[in-house]
Amino acid sequence: MKIALVAPPYPLEEAPSPPLGICYVAAACIRAGADVAIFDYIVRRYSPENLARDIERFEPDVLGITAVTMNYKKAAQILVQAKKIKPSLVTLFGGPHVSFDVENTLMDYPATDLVVIGEAEKTLEELVPVLTRKELWPTIPGIAFLRNGNVIRTPPRPFIQDLDTLPMPARHLLPLSRYQALGYPVSIITSRGCPNKCIFCLGRKMVGFKVRHRSVQKVVDEIETILNYGMTFINIADDLFTSSRTRVFEFCEEVKKRKLCFSWSVFARVNTVDVEILEAMKEAGCHAVSFGIESGNSQMLARVRKGITLDQARAAASACKQSGIIAHGSFLAGLPGESRESLNDSKKFSQELNILYGYHFLAPFPGTTIRENVHAYDLEILSNDWDLYDADHAIVRTSNLSARDIERFVNDAVTPIAKNWEEKVQRFHTNRVSADEWLEVAGHFRTRMIFTALSLDLLEIHGTQPGNFDQALGLLTDKIAEASRLEPDFVKEQLSDLIQKNLIRFTPHDGGIRFFWGHNNKIPVL
């Protein structure tokens, strides 16, 4: 059986990294005996024509797709298109959005044959062998499907207790050199589960209240595999990496014991870190920690069941500074009962902490306590347009604030950050930046250029150019500079660097040169 798995488009602003979830799904399908391909439209342009070509080339029997809320509609459209291209496909839809919006998914998109609910790996190991035998679907826990116009849910599947039984994510199926070119980190997990009760978060519902840990040995084995790909920037995507103090120290000691050199970042809570643990993480290569602080108002923190105090946030920020680790604080605007006073408290507190920080708008995702019990809160949800659920649009209001009020606050709050950035860019263009600023701004433009080239298939469309190498590179440079709206000299410099690193390769072709994205031949088949 051939199974195609689709990674749907994801915006550059959300820092797309190699999709971890779909690599776990791919590994589970391989273990179940399937031949698997990943159609990656994160670092490649999606179009119905590209999808048709991919289906024609691979000839899958099954097509599966995953999505979060903000790219759910795009993913659903891809699934519908795939069914039109090849009606015999068995189609699967998974991910956090559909897991908590099962009925609407099946009813709104009848091209969906099956919804895989929650953790998918063990479900797929049982499901794949019987995918073509619909009469057996009711025997597989953790799925839903339509039968005679009715939604059938099978019994829920328990969470996977021993994560070490999972196969390693099948990253070898991804075009990793394209992600290397982008420069974003590779995500891994060392655990699943979140013991906290934040009313706006899906973590606890999606992966359970109890934290389940992978063995430190297996985690560091996986990191060594990633380093062999030539990628040295890793994001540990656990809901709470610091849930076990003892285990953090064990992890850091194992990394140092193996003398691994890489840079990594984590998510943590302000009440789970101190100087000692952060210094150990720093010695093992950790460079940044992100904290969900959410609000600078104590009553608001209690209302959303955040379970932290402002003093704990102050202590965490101070500990990061002492340890030499970059701290980033995330704040939410539009929480239940939000008022101008509570927003101003957040503004003052974010400035007081003197760390990197950012604001997002509350997005009441399907499955969250805040959405399911919205009438119990001072909150009104204004839109069910899932495209707006990207945390960059105000889609709620409270009795004190309209959506426009919330938007105005965030715009005002980030104005100093935006102004500082614009000043940096202006200095960059006039060669008046420090070395660190140059790297920051140049890196931003480089990423924008590469993502433009990837998402518009510019090498596939314009990669073959006449003339010798220099002439062909100049012509390709002009095409990419025009599309990315960057200076040709800068674009040529970046392309030359990518070529030198074998992330873009070239070969003679019909009296000219053909440029194409490289492939990492060192990647082992796991």
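Buried here means under 20% relative accessible area, exposed means over 50%, and partly exposed covers what falls in between. With that yardstick, 54% of the 526 residues of the protein chain count as buried in this predicted model.

Start with the overall build. The protein chain carries 20 helices and 20 strands. Its radius of gyration is 24 Å, close to the 24 Å that the globule rule gives for 526 residues, so the chain is as compact as a globular protein of that length. Taken along the principal axes, the C-alpha atoms fill a box of roughly 70 × 70 × 50 Å. Contacts between distant parts of the sequence count for a lot here: among contacts with a separation of 6 or more, 69% join residues 24 or more positions apart.

On the outside, the protein chain exposes about 23200 Å², and carbon and sulfur atoms supply 50% of that area. As for charge, there are 60 positive and 63 negative side chains. The centres of these two sets lie 2 Å apart.

Turning to the interior, the largest nonpolar core has 168 residues. Phe-39, Leu-124, Leu-127, Phe-251, Trp-264, Met-281 and Phe-291 are the members with the most contacts inside it. Helix H17, spanning residues 435-455, gives the most to this core, contributing eight residues. A second core, separate from the big one, has six residues, among them Tyr-24, Leu-163, Leu-166 and Ile-189.

Met-281 gives a feel for the packing in the largest core. Leaving aside residues up to four places away in sequence, Met-281 touches Phe-241, Thr-242, Val-248, Cys-252, Trp-264, Val-266, Cys-286, Val-289 and Ile-325. One of these partners, Trp-264, is itself listed with Met-281 among the residues with the most contacts inside the core.

Phe-409 is another buried side of the story. This residue is found in helix H16, which runs over 403-429. Phe-409 has a relative accessible area of 9% and is buried, because buried means under 20%. Apart from residues up to four places away in sequence, Phe-409 touches Leu-343, Asn-344, Lys-347 and Tyr-359. Arg-340 is 69 residues from Phe-409 along the chain, yet their C-alpha atoms are separated by 8.5 Å.

Two asparagines stand out for their backbone angles. Asn-148 has a phi near 55°, a positive value in a residue other than glycine. Asn-148 sits in the loop between strand S6 (143-147) and strand S7 (150-153), and with a relative accessible area of 76% it is exposed, since the cut-off for that label is over 50%. Asn-431 likewise has a phi near 55°, again positive without being a glycine. The loop that holds Asn-431 lies between helix H16 (403-429) and H17. Asn-431 is exposed too, at a relative accessible area of 69%.

Pro-141 lies a little way before Asn-148, in the loop between helix H6 (121-127) and S6. At 23% relative accessibility, Pro-141 counts as partly exposed, because that value falls between the 20% and 50% cut-offs. Its contacts, not counting residues up to four places away in sequence, are with Thr-123, Glu-126, Thr-154, Pro-155, Pro-156 and Arg-157. Leu-173 is 32 residues from Pro-141 along the chain, and the two C-alpha atoms are separated by 28 Å.

Two more loop residues round out the picture. Ala-376 is found in the loop between helix H15 (369-372) and strand S16 (380-381). The relative accessible area of Ala-376 is 65%, so this residue is exposed. Ala-376 and Pro-336 are 40 residues apart in sequence, with 9.5 Å between their C-alpha atoms. Asp-385 has its place in the loop between S16 and strand S17 (396-397). With a relative accessible area of 29%, Asp-385 is partly exposed. Asp-385 and Ala-144 are 241 residues apart along the chain, and their C-alpha atoms are separated by 23 Å.

Note on methods. Residues are numbered from 1 along each chain as its sequence is written. This is a predicted model: local features need pLDDT of at least 70, side-chain atom pairs count only at pLDDT 80 or more; totals for chains, interfaces and linings use all residues. Side-chain values use heavy atoms; hydrogens and water are left out. Helices (H or I, at least four residues) and strands (E, at least two) are DSSP runs, numbered from the N terminus. The radius of gyration is taken over C-alpha atoms; the globule rule is 2.2 Å times the number of residues to the power 0.38. Buried means under 20% relative accessible area, exposed over 50%, partly exposed in between (1.4 Å probe, protein chains only). Contact means heavy atoms within 4.5 Å. Accessible areas come from the Shrake-Rupley method with a 1.4 Å probe; for residues, only the protein chains shown count as cover. Lys and Arg count as positive and Asp and Glu as negative; His and the chain ends are not counted. The place of a charge is taken as NZ of Lys, CZ of Arg, CG of Asp or CD of Glu. A nonpolar core is a set of buried Ala, Val, Leu, Ile, Met, Phe, Trp, Tyr and Cys residues joined through side-chain atoms within 4.5 Å.
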